[in-house]
Amino acid sequence: MGEGIGSAAMGHPAASVAWLVNKLSEFDVSLQPGDVVLTPFMGVGSEAYVAIEEGRKAIGIELKDSYYREAVKNLNLAVDSRRQKSLF
C-alpha cells in the first residue's frame with residue numbers, strides 16, 4: 001500500500017501502518033503462508049493487505065461502510081498483485 005493509504009490516513013480509531021505490520025510479521029515465526037489472519041477492526045484493510053501479500057488468508061471485520069468499501073478496493077489490489085507475482 002502506498003504512502004498515505006491505510007486506516008491511519010483515513011482517521012480510523014484503530015489505525016495501523018501497513019509497513020509496520022509487514023515488518024512485525026517478519027518476527028512472528030508462527031505465521032506461515034496459507035495461515036489465516038483475523039483483523040477484528042479492519043479499517044481500510046492494512047493488516048489484511050499485508051497478509052495477502054505474504055501469502056496468507058485474511059478475515060476482516062469492519063462496521064463502518066466507508067472503511068469497508070475502501071478495504072474492498074485495497075484488498076482487490078492485493079489479490080491482483082499476488083496473482084501477477086505468481087505468474088512469474
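A residue is taken as buried when its relative accessible area is under 20%. By this criterion, 32% of the 88 residues of the protein count as buried in the predicted model. The accessible surface of the protein amounts to about 5800 Å², and carbon and sulfur atoms contribute 60% of that area.

The secondary structure consists of three helices and two strands, arranged along the sequence in the pattern α-β-α-β-α. Among the contacts with a separation of 6 or more, 58% are made by residues 24 or more positions apart.

In soluble globular proteins, nonpolar side chains tend to be buried together. In the present model, the largest nonpolar core comprises seven residues, namely Met42, Ala48, Tyr49, Ile52, Ala71, Leu75 and Ala78. Two or more residues of this core are supplied by each of the helices α2 (46-53) and α3 (65-87). Of the core members, Met42 contacts two others, Ala71 and Leu75, when residues up to four places away in sequence are disregarded. On the same basis, the contacts of Met42 also include Glu47, Gly60, Ile61, Glu62 and Tyr68.

Helix α2 is mostly covered, with eight of its eight residues buried. The buried set includes the core residues Ala48, Tyr49 and Ile52, together with Ser46, Glu47, Val50, Ala51 and Glu53. Glycine 55, which follows α2, has a positive phi, near 85 degrees.

Strand β2 spans residues 57-60 and contains isoleucine 59; glycine 60 also lies in this strand. Isoleucine 59 has a relative accessibility of 46% and therefore counts as partly exposed. Glycine 60 is likewise assigned to the partly exposed class, because its relative accessibility is 34%. With residues up to four places away in sequence left out, glycine 60 touches Thr39 and Met42, the latter being a member of the largest nonpolar core. The C-alpha atoms of glycine 60 and valine 37 are 8.3 Å apart in space, although 23 residues separate the two in sequence.

Nonpolar side chains also occur on the surface. Isoleucine 59 joins Val36, Leu38 and Ile61 in a nonpolar surface patch, whose residues together have about 360 Å² of accessible area. Ile61 of this patch is in addition one of the residues touched by Met42.

How values were computed: Residues numbered from 1 in each chain as written. Predicted model: local features only at pLDDT ≥ 70, side-chain atom pairs only at ≥ 80, totals over all residues. Heavy atoms only, no water. Core = buried A, V, L, I, M, F, W, Y, C linked by side-chain atoms within 4.5 Å. Buried < 20%, exposed > 50% of the residue type's maximum accessible area, 1.4 Å probe, protein only. Helix = DSSP H or I, 4+ residues; strand = E, 2+ residues; numbered from the N terminus. Contact = heavy atoms within 4.5 Å. Areas by Shrake-Rupley, 256 points an atom, 1.4 Å probe, with all protein chains shown as cover. Patch = residues over 30% accessible without salt bridge, like charges linked within 9 Å, V, L, I, M, F, W, Y side chains within 5 Å. Salt bridge = Lys/Arg side-chain N within 4 Å of Asp/Glu carboxyl O.
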